[in-house]
Amino acid sequence: MSARNTAAFVIAAMALFVLPARAQQPGPPPILREVSIAQRLNEPIPPDIIFRDEDGKAIHLGDYFGKKPIVLSLVYFDCPALCTEVLNGELRTMKAISLDLGKDFDAITVSFEPKDTPALAKAKRDVYAGQYGRPGAARNWHFLTGEQTSIDALTQAAGFHYAYDSSSRQYAHAAAILVLTPHGRIARYFYGVTYPARDFRLGLVEASEGKIGTPTDHALLYCYQYDPMTGKYGLIVMNVVRAAGLLTLLVLGIFMFVMFRRERNHPNGPPAVGVNVR
């Protein structure tokens with residue numbers, strides 16, 4: 001057998017072993033193909049969607065619009081793992097920033113399980129508002145339940161696609177929270193279960209259209225830009241360069257002003273120091 005034929009035989013034999021092994025490797029569950037988040041930045045959340053609050057009272061989502069930016073989370077209250085991590089991450093970040101729930105922003109948590117009840121929503125609200133620990137949290141962190149039609153309208157508007165796994169009797173879903181403008185438009189998505197305090201704060205300040213935050217926050221927004229692919233704020237090099245250039249011009253201008261003023265006050269140079277000669 002020639003060297004060429006021997007090499008071909010070896011490659012063919014390896015293929016017989018490798019290809020079946022690859023075919024047997026398990027891929028992701030088919031249900032995960034139905035799970036995704038399609039960003040709807042600057043799109044409105046319909047204000048007329050009806051849900052129930054913690055007391056079972058029917059409300060429109062628009063009842064919470066109009067005053068402050070809103071943090072929106074989509075979970076279900078009997079979730080054994082991921083939903084709890086989403087809410088815990090949201091809570092940690094809200095506690096880590098100086099902006100206050102109720103004063104500077106509101107929070108809405110909606111269950112996408114139509115079987116969840118207002119009583120369960122109230123129990124969740126009491127736990128998380130209590131752990132937040134600041135005044136007014138229970139009045140401004142709203143835990144809502146609703147019918148399937150309302151859930152579908154909200155999740156579709158938010159681009160939140162999930163699926164029910166009948167074998168495990170659980171939902172497959174992604175992990176994220178949203179920031180809405182006071183008028184209910186989607187401003188930002190933050191992915192995962194850990195939300196950096198700086199990004200979260202900048203998202204709220206930006207969504208508020210300058211109505212909350214400090215001058216430092218607004219300066220940071222000039223230097224940082226939201227990246228929708230990562231759900232984070234990245235440094236904008238050109239804006240930093242421009243800001244540094246403006247600062248340099250300002251310092252130079254102040255220096256020249258001081259020097260010109262000193263020269264005007266002393267046109268013949270600094271006064272001579274007297275020397276006593278004995």
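Me: Which residues of E4 are buried on one side, and which on the other?
Reply: In this predicted model, strand E4 spans residues 70-75 and is mostly covered, with six of its six residues buried. Buried here means under 20% relative accessible area, and both faces of the strand meet that cut-off. On one side these are Ile70, Leu72 and Leu74, and on the other Val71, Ser73 and Val75.

Me: Which residue in E5 stands opposite Val75?
Reply: E4 is joined by six bridges to strand E5, residues 106-111, and the two strands run parallel. Within E5, the residue that stands opposite Val75 is Ser111.

Me: Through which helix does the chain cross from E4 to E5, and is this crossover right-handed or left-handed?
Reply: The chain leaves E4 and reaches E5 through helix H2, which covers residues 82-96. This path forms a β-α-β crossover, and its hand is right-handed.

Me: Which residue in E10 is the bridge partner of Ser73?
Reply: E4 is also joined to strand E10, residues 176-180, by four bridges, and here the strands run antiparallel. The partner of Ser73 in E10 is Ile177.

Me: Which residues of E4 is Leu154 in contact with, leaving aside its neighbours within four places in sequence?
Reply: Leu154 is one of the residues that touch the most other members of the largest nonpolar core, a group of 59 residues, along with Ile45, Phe51 and Trp141. Its contacts beyond those sequence neighbours include Ile45, Ile49 and Phe51. Strand E4 holds residues 70-75, and from that stretch the contacts of Leu154 are Leu72 and Leu74.

Technical notes: Residues are numbered from 1 along each chain as its sequence is written. This is a predicted model: local features need pLDDT of at least 70, side-chain atom pairs count only at pLDDT 80 or more; totals for chains, interfaces and linings use all residues. Side-chain values use heavy atoms; hydrogens and water are left out. A nonpolar core is a set of buried Ala, Val, Leu, Ile, Met, Phe, Trp, Tyr and Cys residues joined through side-chain atoms within 4.5 Å. Buried means under 20% relative accessible area, exposed over 50%, partly exposed in between (1.4 Å probe, protein chains only). Contact means heavy atoms within 4.5 Å. Two strands pair if DSSP finds at least two bridges between them. A crossover is right-handed if, with the strands pointing away from the viewer, the path from the first strand over the helix to the second runs clockwise.
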